Amino acid sequence: MHDLSVAALALGLRNRDFSSTELTRHCLQRIRALDPHYNSFISVDEVGALDAARQADTRLAAGEKAPLLGIPLAHKDIFCTSGLRTSCGSKMLDNFVPPYDATVTRRLRDAGTVLLGKTNMDEFAMGSSSETSFYGSSRNPWDTSRVPGGSSGGSAAAVAARLAPLATGTDTGGSIRQPAAFCGITGLKPTYGRVSRLGMVAYASSLDQGGPMARSAEDCALLLNAIAGFDPQDSTSSEQPVEDYTAQLAQPLSGLRIGLPREYFGEGLEQATGERIRAALALLEQQGATLVDIALPHTGLSIPTYYIIAPAEASTNLSRYDGVRYGHRCENPRNLHDLYTRSRQEGFGDEVKRRILVGTYALSAGYYDAYYRKAQQVRRLIRQDFLDAFTDVDVIAGPTTPGPAFGLGAKTNDPVAMYLEDVYTLAVNLAGLPAMSVPAGQVNGLPVGLQLIGQHFDESRLLNVAHQLQQASDWHLQSPPEAGL
Amino acid sequence: MNWEVVIGLEVHLQLATQSKIFSGAATRFGAEPNTQACAVDLAMPGMLPVLNEQAVRYAVMFGLGIGAEIGLRSVFDRKNYFYPDLPKGYQISQFQEPIVGRGHFDIQLEDGSVRRIGITRAHLEEDAGKSLHEDFHDQTGIDLNRAGTPLLEIVSEPDLRSAEEAVAYLKTLHSLVTSLGISDGNMAEGSMRCDINLSLRPAGSDTLGTRAEIKNVNSFRFVEKAIHHEVERQADILESGGKVVQETRLYDADRDETRSMRSKEVANDYRYFPEPDLLPIVIEQSWVDSIRARLPELPAARRERFIADYGLGAYDATVLAAERPLAEFYEAVAKGCGDAKIAANWVQVELLGQLNRNDLQLSESPVDAPALAALLQRILDGSISGKIGKQVFEAMWAGEGDADSIIEARGLRQVSDSSALQAMVAEVIRDNPEQVAQYLAADETRRKKLSGFFVGQIMKLSRGQANPQMVSNLLNEQLADAGENGDT
């Protein structure tokens, strides 16, 4: 059962081959048996899941045919879930049980999905390896001595290990795409504003975007259908009408122009990874796509730009965690200052503190113009690079990461080396564009991801290209060895 | 040294929206602590602000009311600082691009002169909650009901030169915003709070001195006292050769003094930056125009109308036109009784007098406009005298009923029945032959004085209800008759 796609599971449920309760039990059993090897879940909600499965079975029995009805999934622990702890990977929120659902959570609940639990992540989504989690690192199912990527590492590992057929993630600078690449799954970061941010714990508000993580483009499309759309409670969500993201999947690629930014294939890209990416592109070419060399001249500036804007926004987004109303509060505060400093000192990990400090500095009087304002100007240039490129091409393609998953602990003492991991993914968030990572083969038994970048609100085209690649290849069907077997 | 006082005021005005500026929670004053704070107000994780359009409309109305440029594009910023009553750790405010730009309005001083005061800007922001220091045994309670209440911060130019001008400015502003209906202006409940920026400079100088800011002065009287106190303090410093420190001070009404809160050198760096959770406010000129077309009448225009239509004097017109509720009350009385001048008199003297004595708001008046108009009609139609009218008004105030039923119950109707009055006049003449003789012997001037005695006696006899005009006529007739009879 755990090898089936979401579309196949939905069919099985409708045909009564198995019930949602059986499917959910199966997933819960796998999580119980296997997740100790991956640490991909922070919380597992067996009671809630079985309850939701029973309700889904009732609806299925009544003949309801909602596409995700009865399908189990996992949420990144950044999405608020009413009555279920939402920790955001932090000690600060270890005791936080929201009284409300995120819009994404609510829509998926309404769609009849079964929530298995909440997945591990870098603390407050700050990291590229899931190692900054208060709950310990997640591990890559392909090699448990390696990271699954981050920050949505738990979701990627859970899907790759086939503990859950679907998961949600969030992507602020690559946090869906990079772990998808490292774990050999398919992940989509939608256009900024496509998916509501309400109830998604904020890291960097102008960059954060939730999206689907699954084993195929088709499964991603099914999940995106359920979560995309305008939300009157998120002022930055878009009123652009939502498409049926499965409708264009079968479209042939003939005539498609794919831009290859030379900056994504230069120094820094590991040779073997580059070869896999070119092989995947050749497959697309065989299906009628044209490959065009393009330039994104400001790519190199995306790392410094991102690491000003994201920490600046984070530094104030995280001010609310002050020990006053919810979350971690130090023992016996002597006075207000002591309450603030000790609660935050104890509640936040090092990477979070590092970004709060950087962001506070960048916004300080006397530094604002040199850092934050300048970064916003460069951000506009980066966005313009893409808009210029899209006058000649339909999608842009390149590697998701410079190489495959690195070892646990390999970069934890060198934050800058860790930040360089995001060189191909950050610009997309700065420009607000949709992008995917799609499995493109392996290097030494470790998956490599092909990144596809689309124009604003052109998710259908990205999913179409990814689906066509997956029709012509079997990289997305390869599974890691079962841990412990 | 002769010092010139330079004052600029920052007023935080709570806008009278039903719900908060960025959430759906209610804004009612005085609710149980933390019963009007939703997840957004509590800054729960993942919560997002959604702008209340009514707050924007009110800000635009204010801008139009002061002839200001309206920012068709304005931007919210985060103002960052930690305080327990500020749940997000930042206040959403407007810094670089406010919704209301430069404007002005005129203030009238007691000597009748008029001064034009510039408004630098006005911007939208959210109010903070309240820290409650009492009743918690060395701990502090936090009430977030107020958190997220929409505020319009109105910043004046440093155009004010005295406490009197500052108070006149605030009263005019109060009158403007209540007339617009954008705020209840209730200072006691904190709907209008004032920060005073004050500096001194040698008279004739055109450079500004170092200023101190006095925070949160919440009544007209305290504004006046705080300014007097601060002028004295700064003058003492300057005259003894010292320098005024730029700082924030707090006015302590109990001790009538200002004291230092914090020096600006160690002040917060607020790290303003554009709020990424909200899009810039972009409004259409046509929307502004439609708001302009529906603006209620403003005090200055109303004052002119009262002078032109009702023939009121400048002073009466200013008082009655200042606040919309009073103006509406006055107009209802004037129309109801049919005499604008007597209505002006009674509203100002009797009604406002009673309200002041009892420390009541107009809305709490036990006598409403139709009731007062009905009373004035009885004076105008001669049923009662003005003097009796005051008695009736007091009885109405005490809740004894409407004018007619009080007049009836107390038998206060003016005696205008000439036969009854004839009899009373005859009785007084008969009972006072000595005074009659004196009267008849006197010349014209003395007669006028002496007739007052007879009138007094007649009024006494009628318990004040005799129609004075008729008494006077009948008395003159009968005394003349008495003279003729005596001669023959």
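Where do the two chains of this predicted model meet, and how many residues does each give to the contact? Chain A brings 34 residues to the contact and chain B brings 25 residues. Below is a friendly tour, starting at that contact and moving on to each chain.

**The contact between chains A and B**

- On the side of chain A that touches chain B, the elements giving two or more residues are helix 9 (302-317), helix 10 (336-347) and helix 11 (350-363) of chain A.
- Helix 9 of chain A gives the most to this side, with 3 residues.
- By residue type, the side of chain A that touches chain B splits into 18 nonpolar, 10 polar and 6 charged residues.

**Chain A as a whole**

- Chain A is built with 15 helices and 11 strands.
- Its radius of gyration is 21 Å, which agrees with the value near 23 Å for a compact globule of 485 residues.
- Taken along the principal axes, the box filled by the C-alpha atoms of chain A is roughly 65 × 55 × 45 Å.
- Of the 485 residues of chain A, 60% count as buried.
- Among the contacts in chain A with a separation of 6 or more, 77% come from residues 24 or more positions apart.

**Helix 4 of chain A**

- Helix 4 (residues 103-110) of chain A has 6 of its 8 residues buried, so it is largely enclosed by the rest of the structure.
- Which residues of helix 4 of chain A are buried? They are A:T103, A:V104, A:T105, A:R106, A:R107 and A:L108.
- These buried residues pack against strand 2 (72-76), strand 4 (166-170), strand 6 (210-214) and helix 7 (217-227) of chain A.
- Just after helix 4 of chain A, the backbone at A:G112 takes a positive phi of about 90°.

**A sheet in chain B**

- Chain B has an open sheet of 3 strands in the order 4-3-14, with antiparallel pairing.
- Strand 4 (90-93) and strand 14 (273-274) of chain B are at the edges with a single partner strand each, so one side of each has no neighbour in the sheet.
- Strand 3 (residues 77-80) of chain B pairs with strand 4 of chain B over 4 bridges, in the antiparallel sense.
- If you look for B:K79, you will find its bridge partner in strand 4 of chain B: B:Q91.
- As background, strands of a sheet pair through backbone hydrogen bonds, in either a parallel or an antiparallel way.

**Helix 8 of chain B**

- Helix 8 (residues 340-357) of chain B has 18 residues and reaches 24 Å from its first C-alpha to its last, close to the 26 Å expected at 1.5 Å a residue.
- Where is the kink in helix 8 of chain B centred? The kink, of about 30°, is centred on B:V347.
- B:V347 is also one of the buried residues of this helix, alongside B:A340, B:A343, B:A344, B:W346 and B:L351.
- The buried residues of helix 8 pack against helix 5 (299-310), helix 6 (314-321), helix 7 (324-337) and helix 9 (369-380) of chain B.
- Just after helix 8 of chain B, B:D359 takes a positive phi of about 55°.

**A closer look at B:D41**

- B:D41 lies in the loop between strand 1 (3-14) and helix 1 (53-65) of chain B.
- Is B:D41 buried or exposed? B:D41 counts as buried because it has 26 C-beta neighbours inside 10 Å.
- Leaving aside residues up to four places away in sequence, B:D41 touches B:K20, B:S23, B:A25, B:P87, B:L144, B:A147 and B:G148.
- From C-alpha to C-alpha, B:D41 and B:Y315 are 46 Å apart in space, and 274 residues apart in sequence.

Key: Residues numbered from 1 in each chain as written. Chains lettered and ligands numbered in written order. Predicted model: local features only at pLDDT ≥ 70, side-chain atom pairs only at ≥ 80, totals over all residues. Contact = placed C-beta atoms within 7 Å. Nonpolar A, V, L, I, M, F, W, Y, C, P; charged D, E, K, R; others polar. Pairing = 2+ DSSP bridges. Rg over C-alpha atoms; globule rule 2.2 N^0.38 Å. Buried ≥ 20, exposed ≤ 12 C-beta atoms within 10 Å, placed from the backbone. Expected span 1.5 Å × (residues − 1). Bend = angle between axes of the 7 residues up to and from the residue.
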